[in-house]
Amino acid sequence: MSAPTFDLGYLHGGLRMPRRKDKSNKLPIQHVPVPQQLIIPITQHVGDAAHPVVGIGERVLKGQLIAESDGAISAPIHAASSGKVIAIEPWPVSRRLGGNAPCIVIECDGADRAIELSEPITPYESLSQDILFQKILQGGIVGLGGAVFPTAQKLMHASITPLEHLVLNGIECEPYITCDDMLMREQANEVLGGAQILMYALGVEHCFVAVESDKPEAIQALADAMTELQDHRIAIKQIPSIYPSGAEDQTVQLVTNKEVPSGGLPTDVGCVVQNVGTAAAVYRWICKGEPLISRVTTVTGDGIATPMNVFARIGTTVADIVNFVGGYTEKVHHLVIGGPMMGRSVTTDKVPLVKATNCILVLSDEEQFGNEQPCIRCGDCASACPVQLQPQQLFWYACADNEEKLRSYGLMDCIECGCCDLVCPSHIPLTADFRMAKARMRELADEVARAERARLRYEFHTQRLDREQLLRAQQLEAQKQAASEGGSKAIRDILERTSKKHDQDPGEE
Amino acid sequence: MEFVRRDAPFIAPRANVASIMRQVLYALIPATLAHVWFFGPGIVLNMLIAGLFCLGGEAAMMRARGKSVAVALGDFSAVVTAIILAFALPPLTPWWVTATAALFGIVVAKHLYGGLGYNIFNPAMAGYVVVLVSFPTHLNFWTVPRIGDLDYHYVNLLETLQYTLTGNLPDYLTIDAVSRASPLDAVKAGLSTMHTFAEVHANPMMGHFGGRGWEWISNFILLGGIWLLMKKIIRWHIPLGVFAGLLVPATFMYVVESGTHASPDFYLFSGGTMLCAFFVATDPVSAATSPRGRFVFGAGIGLLTYAIRLWGSYADGIAFAVILMNMSVPAIDYLTRPRIVGHSKHEKAPDR
């Protein structure tokens, strides 16, 4: 194995936790068949919602554009199978605030007829970088690690900054999740192929594939694919499995030993991070003409009969996927979309699989969550925090709603990884509290901005009134002066003029 | 299918306050046994009385504040306060002195400041300081540590009980016969009367390095402390700070003027140094929170302890040092904030 090892950067805190990954990585990736209905939300990415371009009753084909990107940061959405659009309506989805979001509902005909594939582009070097970005945008490709930032816009932004490394993130630091692991094992060549395209698009000459050292099969598969590819610009970097080493900024810190500045991006230290799944999706789109209409996702937890990874169409409901893998066990309590540390729980399995869904986790109520007790300031949270915050202080200020202190103690640097929750002996839901405090602060900032705009508008308004008044006074003064200078003739003139004006246009004044 | 909603993370924390407090208590068992062996059963009585009043005070205050009594008693924090207080008090202490200390610690120092997590001062030390300055004459009676002498009398449970409850020993015993000044008192008195440390230390009561009996109790406390460190219940910053703060000046003075200063190992193993370093100063609620802050906090306690032992009118000074450093915690926390990842070293966020 020709994987060079490099010194790792330093990561403060973090947790070694039970991995619980061997539940789901025993079986090969299974393909979920076409469901009866696909529920496709028009917002599956960071940024503006896509704009539907199909009408109700319209027939669509697999791979057909059904919603186009709309806005500076947005991504298009494609139909994942053939069928008829039967509704565009709100549907329960998994997102932070819960509730419903507009979705395009397709009743599948089961034929799974594909639209004529767009020509595979070989070699991709025949395209200029700009056209390649446009092409990636058209594929509806977004970051599949969970953040779902539109890939094209991320690349475009990155390409105008000086770059050293492309970092492919194959670190799944959360327990249970194995979809990237299985993808790397089974499709390492697509991952590396995607890496080559991304390197070309960005104009970088070096790529790290960061993988946790406890994934020997994935590392072997990558190494084999590298031997085949003979591309010496790509190197594997093994990372210890400490949560949250897979968070973007933490990955950069581990791989390059550079800290991403507060409020900045990895590009500030010369890095672009892409998930391995994203790289594979780029490869499939550019070299095979298949847009992002399906993904690998882990279905696991003690509430799932046969945990495994599946390759499913975007829009397949969780219920359909769980059915496919053999249904629930009797110990079903929580349904989590995402991992157990940062995922979101939903109340219904009618929610569809979206581009962000890397894991469907069904948990029993075996985990015992104690009642919240007072903080004893033990500081274990501070030792565990990967950003070296002091959650015990933040908690204090969050309770007091002290915005200034929250800011100066770095609330906005919190990555919401949940490490502090896990070590807290008082069982305080710190992350949830911080999430709420952040939302409140954003709201407050919005309010301040709104108030500022209103103030400016008001000032502008009064200035205009003042100006008009001044102007009128000046005019009056001028008329008065003219009158006194011109004598009685002038007065007559003015009177004549005004009376004429009144006759002509009685509506005025 | 319907599911229950909750916020991430979905993995439950492993630690809890009660188990932390319980382990602190386990760590003190060897030292308690040594205490009983060397100084008689007084400490057990003190523990019982302090425990009774600490728990009673805690329950009464929780009820008065309209909160769950069961939760507060279940976290064992009041028990830890009682046990540490019992270690600080001499084996022969009238019950009402212990009760006053316990009640002051729990009611005033803990609950009037907002209860667990909000108290500025270490409750045990606050209670101890109050009785130390209020009833100094009742806090002198350290029983003679067990030695091989023929005239040694082990004050048994009944005799201790009688003294504790009534303030009088049985007629056949006098307080002077069964009690001695603590080694720190003896050294302080000896040095101030123009004796050298070597002369004072020649007394067999002074043991090998920290005073007979005392040094053994210190050893067992050290053992318990190391166990807590290994269990990650406490971290090393505070104990090391206490030792550094005490040993650096003590070693310097001992080297410069060895005749008139006690040796650093004596200071380390006598009085409350060990108890303070591992069980008192490490009380998370009233200590600084950042690693650097904790070292500074510990060093401050060590330094003040040394200063009080050398120049103050009290022989030990641990309790005063802890209380004084408790007061400095907000400043220490503010000045030792760790650098947030992604922020530059010199950039301290504006803060008022």
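**A tour of chains A and B**

Just after helix H9, Asp401(A) adopts a positive phi of about 55°. Please keep in mind throughout that the model is predicted.

**Stop 1: helix H9 of chain A**

Extend the selection backwards from Asp401(A) to take in H9(A), which covers residues 391-400. Which residues of H9(A) are buried? They are Pro391(A), Gln392(A), Gln393(A), Leu394(A), Phe395(A) and Ala398(A).

**Stop 2: two further positive phi values**

Select Arg377(A) next. Its phi is near 55°, a positive value in a residue other than glycine. Arg377(A) is found in the loop that runs between strand E17 (359-363) and helix H8 (380-384) of chain A. Is Arg377(A) buried or exposed? With 25 other C-beta atoms within 10 Å, Arg377(A) is buried, because the cut-off for a buried residue is 20 or more.

Then move to Glu416(A), in the loop between helix H10 (403-408) and helix H11 (419-423) of chain A. Glu416(A) is not a glycine, yet has a positive phi of about 60°. Its surroundings hold 19 other C-beta atoms within 10 Å, and Glu416(A) is partly exposed. As background for these stops, most residues other than glycine have a negative phi.

**Stop 3: chain A as a whole**

Zoom out until chain A fills the view. Chain A contains twelve helices and 17 strands. The radius of gyration of chain A is 30 Å, well over the 23 Å given by the globule rule for 509 residues, so chain A is more spread out than a compact globule. A box of roughly 105 × 65 × 50 Å, taken along the principal axes, holds the C-alpha atoms of chain A. Of the 509 residues of chain A, 49% are buried. When contacts in chain A between residues at least 6 apart in sequence are considered, 72% of them join residues at least 24 apart.

Colour residues 30-324 of chain A as domain 1 and residues 372-509 as domain 2, following the domain assignment. The centres of these two domains of chain A, taken over C-alpha atoms, are separated by 39 Å. How many residues of domain 1 of chain A are in contact with domain 2 of chain A? Five residues of domain 1 are in contact with five residues of domain 2. On the side of domain 1 of chain A that touches domain 2 of chain A, three residues are nonpolar, two are polar and none is charged.

**Stop 4: strands and a crossover in chain A**

Select strand E2 of chain A, residues 37-41. Four of the five residues of E2(A) are buried, so this strand is largely enclosed by the rest of the structure. E2(A) runs antiparallel to strand E8 (residues 100-108) of chain A, and five bridges join them. Within this pair, Ile39(A) stands opposite Val105(A) in E8(A).

Now display strand E10 (residues 207-212) and strand E11 (residues 234-239) of chain A, which pair in the parallel sense over six bridges. Label Phe208(A), which stands opposite Ala235(A) in E11(A). Add helix H4 (residues 216-229) of chain A to see the right-handed β-α-β unit made by E10(A), H4(A) and E11(A).

Continue past E11(A) into the loop between E11 and helix H5 (248-256) of chain A, where Pro244(A) is placed. The peptide bond from Tyr243(A) to Pro244(A) is cis, with omega near 0°. In general, most peptide bonds are trans.

**Stop 5: chain B**

Turn to chain B and select Pro9(B), in the segment before H1 of chain B. The peptide bond leading from Ala8(B) to Pro9(B) is cis, with omega near -5°.

Colour chain B by its domain assignment: domain 1 is 17-180, and domain 2 is 182-212 + 225-335. Their C-alpha centres lie 21 Å apart. The contact between them takes 24 residues from domain 1 of chain B and 21 residues from domain 2 of chain B. Helix H1 (17-27), helix H5 (77-88) and helix H7 (123-134) of chain B each supply at least two residues of the domain 1 side. Which of these gives the most? H7(B) does, with six residues. By class, that side of domain 1 of chain B has 19 nonpolar, four polar and one charged residues.

**Stop 6: where the chains meet**

Finally, show both chains together. In this interface, 36 residues of chain B are in contact with 52 residues of chain A. The chain B side divides into 21 nonpolar, seven polar and eight charged residues.

Conventions: Residues are numbered from 1 along each chain as its sequence is written. Chains are lettered from A and ligands numbered from 1 in the order in which they are written. This is a predicted model: local features need pLDDT of at least 70, side-chain atom pairs count only at pLDDT 80 or more; totals for chains, interfaces and linings use all residues. The radius of gyration is taken over C-alpha atoms; the globule rule is 2.2 Å times the number of residues to the power 0.38. A residue is buried if 20 or more other C-beta atoms lie within 10 Å of its own, exposed if 12 or fewer, and partly exposed in between; C-beta atoms are placed from the backbone. Two residues are in contact if their C-beta atoms, placed from the backbone, lie within 7 Å. Domain bounds come from an automatic or database domain assignment. Ala, Val, Leu, Ile, Met, Phe, Trp, Tyr, Cys and Pro count as nonpolar, Asp, Glu, Lys and Arg as charged, and the others, Gly among them, as polar. Two strands pair if DSSP finds at least two bridges between them. A crossover is right-handed if, with the strands pointing away from the viewer, the path from the first strand over the helix to the second runs clockwise.
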